[in-house]
Amino acid sequence: MVQMHENIVGIDASILMHPTTWKASGHVDAFNDPLIDNKDSKKRYRADVLIEDYCAKIETKIEKEVKKAAKRFGEAFNKEEFLTTNARVLGYQEKINTILNRLGKSLENEDLADVKKLIEELEIADPLTGSKNWTDVKQFNLMFGTQLGASADSAMKVYLRPETAQGIFVNFLNVQKTGRMKIPFGIAQTGKAFRNEIVARQFIFRMREFEQMEMQFFVKPGTQQEWYQKWKETRLKWHLSLGMGADNYRFHDHEKLAHYADAAADIEFKFPFGFKELEGIHSRTDFDLKAHEEFSGKKLQYFDHEENKNYVPYVVETSIGLDRMFLAVFSNSLQEEELENGTTRTVLKIPSVLAPTKAAILPLVKKDGLPDVARKIVEDLKWDFNVSYDEKDAVGRRYRRQDAAGTPFCITVDHDTLQDNTVTIRHRDTMEQKRVNVQDLKKIIFEEVAVKSWLMKM
Ligand code: ATP
């Protein structure tokens with residue numbers, strides 16, 4: 001986002017900011033999740049997530065119908081047509097839409113009694129115990145608070161940031177002026193965010209301390225729709241470039257918009273537990289900058305030389321969880337593969353650009369000077385790539401170890417290497433082995449793992 005775009009710059013804002021920041025952004029008053037307790041199990045849930053999970057189950061039924069029909073019609077199957085004409089599928093879809101619309105409206109109107117009513121009408125049970133004995137739905141603020149100051153009476157309540165975005169808004173003018181940025185331009189950052197999530201489950205999908213990668217793009221008022229569409233496309237393309245399969249992604253346009261947005265969509269990824277949000281793209285209007293102007297008494301405006309006037313820019317943001325992205329890549333890449341000889345191997349087919357180790361250098365045996373030659377190759381490659389050396393166990397076992405760790409290349413040094421300076425290079429995914437010259441290793445590895453090779457495919 002930063003290196004490849006001339007008009008995007010990076011910053012690192014602080015985690016603790018003046019508490020008024022969070023008053024201005026609306027987080028103190030409105031950053032709530034609706035929670036519900038089960039009286040029997042004493043377990044706490046997000047009421048909206050219980051309802052969304054219910055809808056996800058109906059969606060699974062749609063997927064089953066599609067699979068059945070695809071099998072029945074074979075080559076002639078048209079998924080689009082089936083989804084828009086099959087009576088059963090349409091019925092399921094309508095049910096989902098009705099439920100989600102009602103949920104959206106009730107949350108927007110703060111009608112928590114209706115959220116509970118919906119849970120009861122749908123007969124949603126505690127997923128752990130099956131009990132339907134629910135409390136009322138209550139709002140729960142997600143911000144972690146702490147104290148700033150030495151003594152209890154003079155201490156000021158501050159918050160750990162629940163998103164990185166506000167650090168960018170309050171620094172908007174500093175960056176624009178010092179970087180001499182012209183609209184449209186973006187500010188991006190990667191950093192920790194904290195949320196007192198009611199239920200932090202599903203491994204690292206939802207955590208209380210997580211890392212966000214956000215970019216706020218400042219545009220001329222009136223052009224936000226155009227930029228919103230552009231960033232939606234650009235971000236999806238970025239995801240697809242990792243080669244994890246187009247079928248694993250979809251957009252989910254929000255019916256219920258946050259208080260600051262005039263359009264919003266999620267890029268959802270098919271995690272092992274279903275399609276879930278991976279990244280959010282939001283058109284945030286001028287809500288944040290205007291609110292910070294109001295609460296700080298300082299102007300946060302841009303002078304547009306072409307228009308010869310000042311205005312508060314509109315903002316389109318892209319916001320992705322680093323940990324969630326890691327989970328997406330990891331869960332998709334870790335595979336058990338049946339081999340032709342009847343055995344299986346565990347292989348982490350992680351995109352090579354992301355592989356933690358790019359190559360492992362393996363002497364065939366621990367003697368005859370082979371380790372020395374292998375070490376020399378490590379010494380040479382380690383300036384450009386993260387590589388590892390492994391001499392323990394039979395070479396087949398070492399290949400398996402590297403497959404499971406996602407290492408794209410294994411380079412084996414054998415007795416021929418001593419004669420002709422060639423080695424065997426084996427590719428993780430194809431398991432194909434080639435004999436190459438030691439001098440060519442750098443080029444071969446670079447072509448596969450370089451950021452350029454990956455992004456040029458976009
Ligand atoms: P959700 O609906 O899952 O709670 P959200 O809509 O509140 O997410 P945003 O505020 O849009 O999420 O945050 C942007 C991104 O940050 C999300 O797309 C997600 O990848 C990541 N994210 C949000 N909350 C968490 C969390 N608790 N743990 C890990 N990642 C998170």
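The ligand is surrounded by 17 residues (each with a heavy atom within 4 Å of it), and the closest are Glu197, Arg206, Met207, Glu277 and Leu278. This is a predicted model, in which local features need pLDDT of at least 70, side-chain atom pairs count only at pLDDT 80 or more, and totals for chains, interfaces and linings use all residues. Residues are numbered from 1 along each chain as its sequence is written, and side-chain values use heavy atoms, with hydrogens and water left out.

**Contacts with the ligand**

- A polar side-chain atom of Glu197 is 2.8 Å from a nitrogen atom of the ligand.
- The side chain of Arg195 has an N or O atom 2.9 Å from an oxygen atom of the ligand.
- For the side chain of Arg46, an N or O atom is 3.3 Å from an oxygen atom of the ligand.
- On its own the ligand has 600 Å² of accessible area, and the protein covers 86% of that (Shrake-Rupley method, 1.4 Å probe).

**The shell around the ligand**

- Two or more residues each come from β8 (209-219), β11 (274-285) and β14 (314-321); strands are DSSP runs of E with at least two residues, and helices are runs of H or I with at least four, numbered from the N terminus.
- β11 gives the most, with five residues.
- By type, the shell has five nonpolar residues (Ala, Val, Leu, Ile, Met, Phe, Trp, Tyr, Cys and Pro), seven charged (Asp, Glu, Lys and Arg) and five polar (the others, Gly among them).

**Helix α11**

- Asp323, Arg324, Met325, Leu327, Ala328, Val329 and Ser333 of α11 are buried (under 20% relative accessible area, 1.4 Å probe, protein chains only).

Conventions. Polar contact = N/O pair within 3.5 Å; in protein donor to acceptor, adjacent residues only side chain to side chain. Buried < 20%, exposed > 50% of the residue type's maximum accessible area, 1.4 Å probe, protein only.
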